[in-house]
Protein chains: 2
Amino acid sequence: MAGEIAETRPVWLWQQIAVFYPPRCRQRQTEVHADLLIHADWVIPVEPAGVLAHHSIAVEDGRITAIATRAEAERQISAREQVHLPGHALIPGLINAHTHSAMTLFRGLADDLPLMSWLSDHIWPAEARWVHEEFVADGSRLAMAEMIRSGTTCFNDMYFFPDVTGRVAGQAGMRATVGLIVIDFPSAWAADADQYFDKAIAVHDQFRNDPLVRTAFAPHAPYSVSDAPLRRVLTLANELDLPVHMHVHETIAEVRSSLEQSGHRPIERLRRLDMLTTGLMAVHMTQLETDEIVLFAESGAQVVHCPESNLKLASGHCPVTQLLDAGINVALGTDGAASNNDLDMFGEMRSAALQAKGLAGDACAVPAELALRMATLHGARALGIEAHTGSLAVGKSADIVAVDLAQPETQPLFHPVSQLVYAAGRGQVQHVWINGRHVLNKRALTTIDLAQVLQRAAAWRDKITESTV
Amino acid sequence: MAGEIAETRPVWLWQQIAVFYPPRCRQRQTEVHADLLIHADWVIPVEPAGVLAHHSIAVEDGRITAIATRAEAERQISAREQVHLPGHALIPGLINAHTHSAMTLFRGLADDLPLMSWLSDHIWPAEARWVHEEFVADGSRLAMAEMIRSGTTCFNDMYFFPDVTGRVAGQAGMRATVGLIVIDFPSAWAADADQYFDKAIAVHDQFRNDPLVRTAFAPHAPYSVSDAPLRRVLTLANELDLPVHMHVHETIAEVRSSLEQSGHRPIERLRRLDMLTTGLMAVHMTQLETDEIVLFAESGAQVVHCPESNLKLASGHCPVTQLLDAGINVALGTDGAASNNDLDMFGEMRSAALQAKGLAGDACAVPAELALRMATLHGARALGIEAHTGSLAVGKSADIVAVDLAQPETQPLFHPVSQLVYAAGRGQVQHVWINGRHVLNKRALTTIDLAQVLQRAAAWRDKITESTV
């Protein structure tokens with residue numbers, strides 16, 4: 001039992017480190033330099049699986065340059081900054097593979113309602129009235145404060161004004177993929193199909209060389225985007241080499257209306273449009289039939305599972321175990337805070353593991369290690385950024401989260417990964433680095449003015465409340 | 001929308017307060033005295049439903065003596081200590097209606113396993129080796145540290161050495177009902193049936209006049225206690241006027257083995273033994289048939305729902321909505337930290353609400369207000385202590401929890417109860433009073449030496465790990 005957290009032979013040998021350093025650093029192994037050296041009781045790389053006890057991570061120019069035993073690191077690396085974290089585990093930054101960050105300003109506005117009534121009677125009217133640039137900036141920043149404080153370093157967003165969300169992400173130092181939204185109805189963002197596409201291309205251009213912010217096409221859902229714009233999305237996504245982020249099979253009502261309108265279930269319609277490709281991130285995926293799972297597996301398309309949102313809106317169940325067994329890459333997302341009602345990936349990992357066991361009637365379904373993998377590496381894979389993030393590996397960006405496991409809620413400690421998934425809370429996240437930048441330091445945000453964020457949230461609350469009295 | 005948190009007419013009129021004061025205090029209304037006056041942005045009494053904005057709670061001799069608007073309280077009550085909590089909500093202390101607190105020392109020892117393999121291959125062998133007085137004291141104290149830090153003021157325990165857990169609860173200032181365990185096999189606590197009963201009666205006597213600690217009979221489960229001791233439990237419970245705390249219908253295997261052994265399903269067996277009474281707290285209650293729900297409703301027996309434990313062990317689903325619709329009192333419990341893996345009633349409220357919606361296919365099932373009620377008043381009712389705790393009401397004990405809702409995770413704030421159930425985390429609990437005693441002050445435990453608790457937990461981890469290498 002103790003073997004799992006005992007001293008493990010480092011997976012990345014010391015020799016490999018030198019590859020990343022210019023020759024002057026290699027003159028003497030004892031003088032390898034790093035910007036930052038983090039020493040922790042446990043390093044959990046996710047890939048490969050397992051736990052490295054008493055290891056250290058070296059970071060230079062925003063990248064991980066070494067993962068070594070503490071003894072080795074102290075002997076061979078001189079760092080400008082050293083951070084000692086006894087009792088902490090280092091994990092890859094969590095990746096929230098589906099959210100609508102600006103909607104955090106609608107958190108708790110309407111609860112305990114089914115999806116269509118929640119959307120039609122509450123969310124869409126509120127959006128029609130309030131969603132403009134300032135709303136999206138304030139809502140996204142509030143979301144990022146919450147995400148960083150809970151160990152999320154990267155998020156996949158779908159909302160109006162993606163340029164604003166992207167800009168705020170850059171300011172906050174967060175990694176993001178912002179969705180180039182396409183939807184059949186007019187909004188404050190775009191008046192018609194042409195404008196949605198013009199703006200999409202402009203936003204894509206804007207972030208083309210951004211070190212943190214990428215773009216994906218984001219046709220809202222099969223029920224809200226007709227065939228012509230979907231074909232245009234596909235053409236442009238191929239041309240620009242962008243992923244496609246879309247709600248698919250969220251509810252039974254969506255499946256029924258698709259059958260009525262097109263004679264096909266939504267997935268069959270997407271197949272006929274040639275949209276089932278490795279670039280598709282299909283979010284929710286409830287109400288699945290076996291042949292649809294096979295079709296997805298064969299296509300190599302990505303699934304994003306949002307267990308808490310699906311439960312809260314009683315939308316149905318995503319058959320996670322079957323999807324994983326079929327070899328499909330399943331990532332995790334919180335969905336927007338208006339339907340979740342938080343952006344806590346620790347809670348989501350736990351919910352995903354528990355719900356999968358309950359649904360499969362199998363306590364072995366989605367064990368802790370797999371839940372953590374879904375919340376990290378699978379997310380990076382879905383977003384097409386696995387080469388840069390999603391695990392702690394030499395050469396990847398330093399997207400690192402330090403979780404304090406020395407608190408009573410995670411003691412005694414037999415298996416660090418079990419504690420992370422089944423017992424740890426978001427409040428145990430003490431430090432977050434994104435691309436090597438220290439964005440959370442002893443729980444203090446370094447890139448976001450929290451007082452201002454809270455003051456803006458309160459002002460929005462007053463405004464929205466007054467209008468609905 | 002805003003009406004719910006607007007200034008509400010206080011439910012308890014000022015005149016009522018005087019009833020609780022001796023005549024000298026009544027000479028001038030402006031000089032009513034209290035030990036403690038807590039001012040908060042919201043007071044959520046649970047019973048009656050609703051939210052009182054800008055209200056204060058007065059406490060004297062461990063009891064709530066007034067709930068009034070802040071203006072009224074400041075005008076009419078002079079208090080020795082005043083606590084100002086802007087941005088906070090005051091709620092009744094949460095009641096964990098089923099746990100095995102000492103098992104916190106086995107947290108994460110074995111995960112991702114079904115109930116019987118988890119019990120037979122891991123937990124029972126570990127218990128046989130380790131469970132003694134010192135283990136129970138250390139494990140219970142760790143559990144209480146976690147429970148108080150997450151807003152739980154009262155717990156219903158079932159474990160060996162209930163005298164030790166009761167003693168530790170008294171030291172920690174926690175309200176508890178400790179289970180007088182009865183089980184067919186020998187343990188470190190008792191060698192045979194007679195000894196289990198002798199010790200049960202002795203422990204009951206020990207806590208007979210305790211202000212915080214009560215006792216209940218705790219026959220472990222239908223599959224682990226035979227008819228003769230169950231009859232004896234019933235006789236003694238009636239004689240001593242004690243509730244009966246029992247696992248019932250945890251898994252399908254339990255139902256099958258009962259059918260094989262007795263020819264009856266467990267609930268029918270309990271009915272034949274006359275055990276279905278208002279004093280029965282039946283924990284888990286999965287695999288229920290409609291006539292069993294009717295039988296339970298008619299009997300007035302109590303149900304304790306443990307959603308996370310049932311999911312994690314894939315034990316099955318408790319049909320909460322049907323039970324509530326049938327008029328059954330359903331309380332909430334975490335179960336032990338070895339199967340949950342935490343004792344967080346905030347998480348449990350949320351899981352109960354989400355799981356009920358998913359199971360019923362109805363987003364309106366178990367709304368936030370009901371989840372909070374299940375975690376407070378329903379728990380008190382199940383334990384037979386509704387007159388003393390479970391809601392914020394004049395005359396009840398001051399079991400009060402202050403939750404800081406001004407953090408980004410619960411902003412903006414439209415509906416306090418929604419934020420408490422769907423967005424707040426245990427880390428937002430700032431203050432806890434039990435029986436008027438300030439046991440958590442700005443997140444610092446005042447009755448438990450946390451450093452010592454953690455040191456003991458680490459020592460147990462080393463001991464248990466060494467023995468299983």
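Where is the place of A:His245 in chain A? Select A:His245 and you will land in strand β9 of chain A, which covers residues 244-248. Keep in mind as you look around that this is a predicted model.

**Stop 1: A:His245 and its surroundings**

With A:His245 still selected, check how much of this residue is open to the outside: its relative accessibility is 0%, so A:His245 counts as buried. Next, add A:His98 to the view. The side chains of A:His245 and A:His98 are joined by a polar contact of 2.8 Å. To fill in the rest of the scene, show the residues that A:His245 contacts beyond its neighbours within four places in sequence; among them are A:Ala97, A:Asn156, A:Asp157, A:Phe217, A:Met281 and A:Val283.

**Stop 2: Aromatic rings**

Now display the aromatic side chains. Over all chains, the whole structure holds 14 aromatic pairs. Begin with A:Phe161 and A:Trp189: their ring centres are 5.2 Å apart and their planes meet at 65 degrees, so this pair is edge-to-face. A:Phe161 sits in the loop between β6 and α6 of chain A, while A:Trp189 sits in the loop between β7 and α7 of chain A, so the pair ties together parts 28 residues apart in sequence. Both A:Phe161 and A:Trp189 are buried.

Move over to chain B and select B:Phe197 with B:Phe217. Here the ring centres are 6.2 Å apart and the planes are at 40 degrees, so the pair is tilted. B:Phe197 belongs to helix α7 of chain B and B:Phe217 to strand β8 of chain B, so a helix and a strand are tied together across 20 residues of sequence. B:Phe197 is buried, at a relative accessible area of 1%, and B:Phe217 is buried as well, at 0%.

Before leaving the rings, return to chain A and select A:Phe106, A:Trp130, A:Phe135 and A:Trp460, which ring pairs link into a cluster.

**Stop 3: Salt bridges within chain B**

Side chains of opposite charge can pair when their charged atoms come close. A search of the whole structure finds 44 salt bridges over all chains. Select B:Asp399 and B:Arg175 for one example, with 2.7 Å from N to O. This pair links distant parts of the chain, 224 residues apart: B:Asp399 is in the loop between α17 and β13 of chain B, and B:Arg175 is in strand β7 of chain B. B:Asp399 is buried, with a relative accessible area of 1%, and B:Arg175 counts as buried at 7%.

Then select B:Arg426 and B:Asp342, whose side chains meet in a salt bridge at 4.0 Å from N to O. B:Arg426 lies in the loop between α18 and β14 of chain B and B:Asp342 in the loop between α14 and α15 of chain B, so the pair ties together parts 84 residues apart in sequence. Both B:Arg426 and B:Asp342 are buried.

**Stop 4: Where the two chains meet**

Colour the two chains separately and zoom out. How many residues of chain B are in contact with chain A? There are 62, and they touch 62 residues of chain A. The area buried between chain B and chain A is about 5,100 Å², with carbon and sulfur atoms giving 58% of that area. Highlight B:Asp112, B:Glu409 and B:Phe414: these three supply 13% of the area that chain B buries against chain A, more than any other three residues.

Between chain B and chain A there are 30 residue pairs in polar contact. For the helices on this side of chain B, select α5, α12, α15, α18 and α19, each of which supplies at least two residues to the side that touches chain A. α19(B) gives the most, with seven residues. By class, this side of chain B has 31 nonpolar, 17 polar and 14 charged residues.

**Stop 5: Salt bridges across the chains**

Eight salt bridges run between chain B and chain A. Select B:Arg149 and A:Glu409, whose closest N and O atoms are 2.9 Å apart. B:Arg149 lies in helix α5 of chain B and A:Glu409 in the loop between β13 and α18 of chain A, so the pair joins two chains. B:Arg149 is buried at 10% relative accessible area, and A:Glu409 is buried at 2%.

Another salt bridge joins the side chains of A:Asp112 and B:Lys357, at 2.6 Å from N to O. For a last view, select A:Glu308, A:Asp342, A:Arg426 and B:Arg350, which are linked in a network of salt bridges.

Definitions and conventions:
Residues numbered from 1 in each chain as written. Chains lettered and ligands numbered in written order. Predicted model: local features only at pLDDT ≥ 70, side-chain atom pairs only at ≥ 80, totals over all residues. Heavy atoms only, no water. Contact = heavy atoms within 4.5 Å. Buried area = accessible area lost by both parts, 1.4 Å probe. Polar contact = N/O pair within 3.5 Å; in protein donor to acceptor, adjacent residues only side chain to side chain. Helix = DSSP H or I, 4+ residues; strand = E, 2+ residues; numbered from the N terminus. Nonpolar A, V, L, I, M, F, W, Y, C, P; charged D, E, K, R; others polar. Buried < 20%, exposed > 50% of the residue type's maximum accessible area, 1.4 Å probe, protein only. Phe/Tyr/Trp six-rings, centres within 6.5 Å; stacked < 30°, edge-to-face > 60°.
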